[in-house]
Amino acid sequence: MYEVWEIAKAKGYDIPEAVVQDMIDCDPWDTYFKPSMLQDVEKGNYIEFENIVGEPLREAEKLGIPAPGLKMLYGLLKIKQLQIKEKKGAISMPMKDGPSASG
C-alpha cells in the first residue's frame with residue numbers, strides 16, 4: 001500500500017499517509033474475508049491483476065518510482081494468470097524436455 005501511496009503522491013494526489021494504514025487495517029486478519037482475486041483463482045476465473053496491480057506499476061515505472069513489491073506481485077500474478085489460461089485451454093504452454101532418465 002505504501003508503494004501505491006508513493007505513486008499517487010508523485011501523480012499529485014494528496015492522500016494523508018494515515019489512509020494507508022486505514023486501508024491495511026480495514027479487513028482485520030481475524031475476519032473471514034477473501035479478496036476478489038483469491039475468489040477468482042478459487043473459481044478458476046481470470047484475475048484482474050492488470051487493473052489492480054499492473055496500472056500502478058506502469059505509472060511507477062513512468063515516474064521512476066521504485067515499486068519492488070508491486071513488481072514482484074505483478075510477476076507472480078502473471079504466472080497465475082497463465083496457469084488459469086492454460087487450464088481453460090486459452091493458451092498452450094510448450095513443454096520443455098528435461099534431462100533424460102538414461103543420462
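User: What share of the 103 residues of the protein count as buried?

Analyst: In this predicted model, 20% of the 103 residues count as buried. To earn that word, a residue must have under 20% relative accessible area. As for the surface, the protein exposes about 8000 Å², and carbon and sulfur atoms supply 59% of that area.

User: Nice. Let's take a residue, then. Why is Ile 47 called buried?

Analyst: Ile 47 has a relative accessibility of 5%. The cut-off for buried is under 20%, so Ile 47, at 5%, counts as buried.

User: Where does Ile 47 lie, and what does it touch?

Analyst: Ile 47 is in the loop that runs between H3 and helix H4 (49-63). Not counting residues up to four places away in sequence, Ile 47 touches Met 37, Asp 40, Val 41, Leu 77, Lys 80, Gln 81 and Ile 84. Each of these counts as a contact because it has heavy atoms within 4.5 Å of those of Ile 47. You can also look at Lys 78: it is 31 residues from Ile 47 along the chain, and their C-alpha atoms are separated by 9.3 Å.

User: And Gln 81: what makes it buried or exposed?

Analyst: Gln 81 has a relative accessible area of 9%. Buried means under 20%, so Gln 81 is buried. Gln 81 is part of helix H5. Leaving aside neighbours within four places in sequence, the contacts of Gln 81 are Tyr 46, Ile 47 and Phe 49.

User: How do you know which class Val 41 belongs to?

Analyst: Again, by setting the value against the limits. Val 41 has a relative accessible area of 28%. Partly exposed covers the values between buried, under 20%, and exposed, over 50%, so Val 41 is partly exposed. You will find Val 41 in helix H3 (residues 36-43). Leaving aside neighbours within four places in sequence, Val 41 is in contact with Ile 47, Lys 80 and Ile 84. The C-alpha atoms of Val 41 and Ile 84 are separated by 7.8 Å, though their positions lie 43 residues apart along the chain.

User: Why is Ile 79 not called exposed, with 47% relative accessibility?

Analyst: Exposed asks for over 50%, and Ile 79 has 47%, so it counts as partly exposed. Ile 79 is found in helix H5. Ile 79 and Lys 11 are 68 residues apart in sequence, and 29 Å apart from C-alpha to C-alpha.

User: Let's step back to the helices. What is the order of elements, and how many strands are there?

Analyst: The protein has 5 helices and 0 strands. From the N terminus on, the elements run α-α-α-α-α.

User: How do helix H1 and helix H5 pack, and which residues meet?

Analyst: Helix H1 (residues 2-10) and helix H5 (residues 68-88) pack at an angle of about 115°, with axes 8 Å apart. From H1, Glu 3, Val 4 and Ile 7 meet Pro 68, Gly 69 and Leu 70 of H5. The residues of this contact divide into 4 nonpolar, 1 polar and 1 charged. Gly counts as polar, so Gly 69 is the polar one.

User: How do you know the protein departs from a compact globule?

Analyst: For 103 residues, a compact globule would have a radius of gyration near 13 Å, but the protein has 18 Å. Along its principal axes, the C-alpha trace spans about 60 × 35 × 25 Å.

User: What does the UniProt annotation cover?

Analyst: According to the unreviewed UniProt entry, "domain: Ketopantoate reductase C-terminal" covers residues 1-81. Over residues 1-81 the chain is 67% helix and 0% strand, with the end C-alpha atoms 22 Å apart.

Notes:
Residues numbered from 1 in each chain as written. Predicted model: local features only at pLDDT ≥ 70, side-chain atom pairs only at ≥ 80, totals over all residues. Heavy atoms only, no water. Axes fitted to C-alpha atoms, helices over the stretch in contact; angles between N-to-C directions. Helix = DSSP H or I, 4+ residues; strand = E, 2+ residues; numbered from the N terminus. Rg over C-alpha atoms; globule rule 2.2 N^0.38 Å. Buried < 20%, exposed > 50% of the residue type's maximum accessible area, 1.4 Å probe, protein only. Areas by Shrake-Rupley, 256 points an atom, 1.4 Å probe, with all protein chains shown as cover. UniProt positions renumbered as here; feature names shortened; annotations may be inferred.
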